Amino acid sequence: EGEFRMHSEAGASITVPDFTLRGGAGVWTLGGRQQLGGELAYHVSAREVPAAVAAAPELADWEMRGTLSGSATIAGEQSRPEIHGEVVGEGVGAFGLPLGSAKVELAGLGEQMQVSGKLGDDISVDGQVHYGRSWTRN
């Protein structure tokens, strides 16, 4: 929607006006600003994202179904960003089994993120995801 332009103020900061992408991977809106080498203030939201599209390629045989929506903020220092958000799922299922609704909270700092919540009525999720420059794939 609209025209996308990034703005820089004398090279000290970058502003990305909100913009929306629509397609087979749902509806995504993002925008924000940052000081170069310093503070981040971004936000992202998504809706109507097919669970099968959102899953990692390694999970393709899980037969994921349902739709996901959510939002997150990315703040803090560029060298150690903070991520906070939530993801909600409707009609979620895997392996041909229905799970129903889902809701997980995301809280990240630096190169790791805590993920916690519920999948359906019976499955609790509580774990950490590690990512960043130190991650390598063998």
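This text goes through the nonpolar core, the aromatic pair and the salt bridges of a predicted model.

The core comes first. In the largest nonpolar core there are six residues, namely Ala72, Ile83, Val104, Leu106, Met113 and Val115. Two elements, β7 (97-109) and β8 (112-119), each contribute two or more residues to this core. Leucine 106 can serve as a point of entry. With its neighbours within four places in sequence set aside, leucine 106 is in contact with Ile83, Met113 and Val115, and also with His84, Gly85, Val87 and Gln114. Ile83, Met113 and Val115 are also listed in the core.

Next come the rings. Across the whole structure, a search finds one aromatic pair. Its members are tryptophan 62 and phenylalanine 95, with ring centres 5.2 Å apart and planes at 40°. An angle under 30 degrees would count as stacked and one over 60 as edge-to-face, so at 40° the pair is tilted. Both residues sit in loops: tryptophan 62 in the one between α1 (51-54) and β5 (65-77), phenylalanine 95 in the one between β6 (80-94) and β7. The two are 33 residues apart, and the pair thus links distant parts of the chain. How far are these two residues buried or exposed? Tryptophan 62 has a relative accessibility of 34% and therefore counts as partly exposed. Phenylalanine 95, at 48%, is partly exposed as well; the class of exposed residues begins over 50%.

The charged side chains remain. The whole structure holds two salt bridges, according to the search. One of them joins lysine 103 to glutamate 86, with the closest N and O atoms 3.5 Å apart. Because lysine 103 belongs to strand β7 and glutamate 86 to strand β6, this pair ties together parts that are 17 residues apart in sequence. Lysine 103 also meets glutamate 105 in a salt bridge, at 3.9 Å from N to O. The cut-off for a salt bridge is 4 Å, so the 3.9 Å pair of lysine 103 and glutamate 105 is counted. Glu86, Lys103 and Glu105 are thereby linked in a network of salt bridges.

The accessibility of these charged residues can be read in the usual way. Lysine 103 has a relative accessible area of 41% and is partly exposed. For glutamate 86 the value is 27%, which again makes the residue partly exposed. Glutamate 105, with 35%, is partly exposed too.

Notes: Residues are numbered from 1 along each chain as its sequence is written. This is a predicted model: local features need pLDDT of at least 70, side-chain atom pairs count only at pLDDT 80 or more; totals for chains, interfaces and linings use all residues. Side-chain values use heavy atoms; hydrogens and water are left out. A nonpolar core is a set of buried Ala, Val, Leu, Ile, Met, Phe, Trp, Tyr and Cys residues joined through side-chain atoms within 4.5 Å. Buried means under 20% relative accessible area, exposed over 50%, partly exposed in between (1.4 Å probe, protein chains only). Helices (H or I, at least four residues) and strands (E, at least two) are DSSP runs, numbered from the N terminus. Contact means heavy atoms within 4.5 Å. Rings of Phe, Tyr and Trp (its six-membered ring) pair if their centres lie within 6.5 Å; planes under 30 degrees apart count as stacked, over 60 as edge-to-face and the rest as tilted.
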